[in-house]
Amino acid sequence: MRIVGGKYKGLQLQEPYENSSVRPTTDRVREALASVVLSHFNLDLCNVSLLDAFAGSGAVGCELLSRGVKSAVFFEIDGCQVHLVKSNIAKMKEVNPEPDLDKTVQICRGNALELAKKSSLVGAPFNLIYLDPPYALDPPLSQRLLATLVATNNVAKDALVIREHAKGSPTLNLAEAGGWDLVKQKAFGTIELDILIKQCSYDGCP
């Protein structure tokens with residue numbers, strides 16, 4: 001598993017431990033995901049704040065840091081995977097010891113739903129959110145997490161959400177998730193990416 005593009009292109013990342021339930025996002029999917037993000041933000045990610053809400057190994061967040069996002073927050077409940085995220089960030093710093101990397105990366109261990117209830121999350125409001133929860137718990141888990149982030153004002157008005165899920169799985173209830181528009185779906189074998197943008201329909205949105 002490696003970083004596909006950007007300033008850390010080619011860097012080998014540590015993969016999930018043997019017998020782990022984590023499903024690493026493939027190079028092909030991460031390349032497509034990065035393309036969607038760059039297109040949405042007009043190739044300029046310097047003001048983009050990322051939330052990788054079910055981080056696993058952190059590969060997606062590392063990929064987007066390599067592409068230039070301003071900051072990245074990783075949520076992960078499993079201690080072994082938190083260690084893996086930290087290891088992969090450390091590998092990035094070895095290659096390019098940017099003084100700001102420690103300031104721009106936050107790794108939070110805990111239940112994503114509970115963490116999202118905080119009204120002043122570091123890095124918020126997020127204008128880029130990546131969701132790859134356990135398939136068996138979705139779409140209800142993604143719906144509840146997005147709704148909570150909206151309710152706690154942790155979502156920016158121009159927010160883009162990319163949700164990875166099993167192809168053919170139940171669709172997200174966009175209203176229950178806090179008001180989103182599904183603008184595109186991209187299939188890659190057995191998985192699919194949903195691309196969502198925020199509707200201006202919640203309190204505080206002009």
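Visitor: How do you know that the length of α6 agrees with its 12 residues?

Guide: This is a predicted model, and we can check the helix by its rise. At 1.5 Å a residue, counted over one less than the number of residues, α6 should span 16 Å. Its end C-alpha atoms sit 16 Å apart, so the two agree.

Visitor: What makes L145 of α6 buried?

Guide: The cut-off is under 20% relative accessible area, and L145 counts as buried by it. Others on the buried list of α6 include L141, Q143 and L149. The buried residues of this helix pack against β1, α5, β4, β5, β6 and β7.

Visitor: How do you know that α6 packs on the sheet?

Guide: Contact takes heavy atoms within 4.5 Å, and α6 touches β1, β4, β5, β6 and β7. Its direction makes about 165° with that of β4. Just after α6, N153 takes a positive phi of about 60°.

Visitor: Why are β1 and β4 called paired?

Guide: Pairing needs at least two bridges. β1 and β4 are joined by 3 bridges, so they qualify, and they run parallel. One residue to look at is L50, whose bridge partner in β4 is L128.

Visitor: What makes β3 and β6 the edge strands?

Guide: Each of them pairs on one side only. The open sheet of 7 strands runs β3-β2-β1-β4-β5-β7-β6, with mixed pairing. Direction ignored, neighbouring strands are turned by 15° against each other on average.

Visitor: Which helix lies across β2 and β3?

Guide: That's α3, residues 79–95, running at about 170° to β3.

Note on methods
Residues numbered from 1 in each chain as written. Predicted model: local features only at pLDDT ≥ 70, side-chain atom pairs only at ≥ 80, totals over all residues. Heavy atoms only, no water. Helix = DSSP H or I, 4+ residues; strand = E, 2+ residues; numbered from the N terminus. Axes fitted to C-alpha atoms, helices over the stretch in contact; angles between N-to-C directions. Buried < 20%, exposed > 50% of the residue type's maximum accessible area, 1.4 Å probe, protein only.
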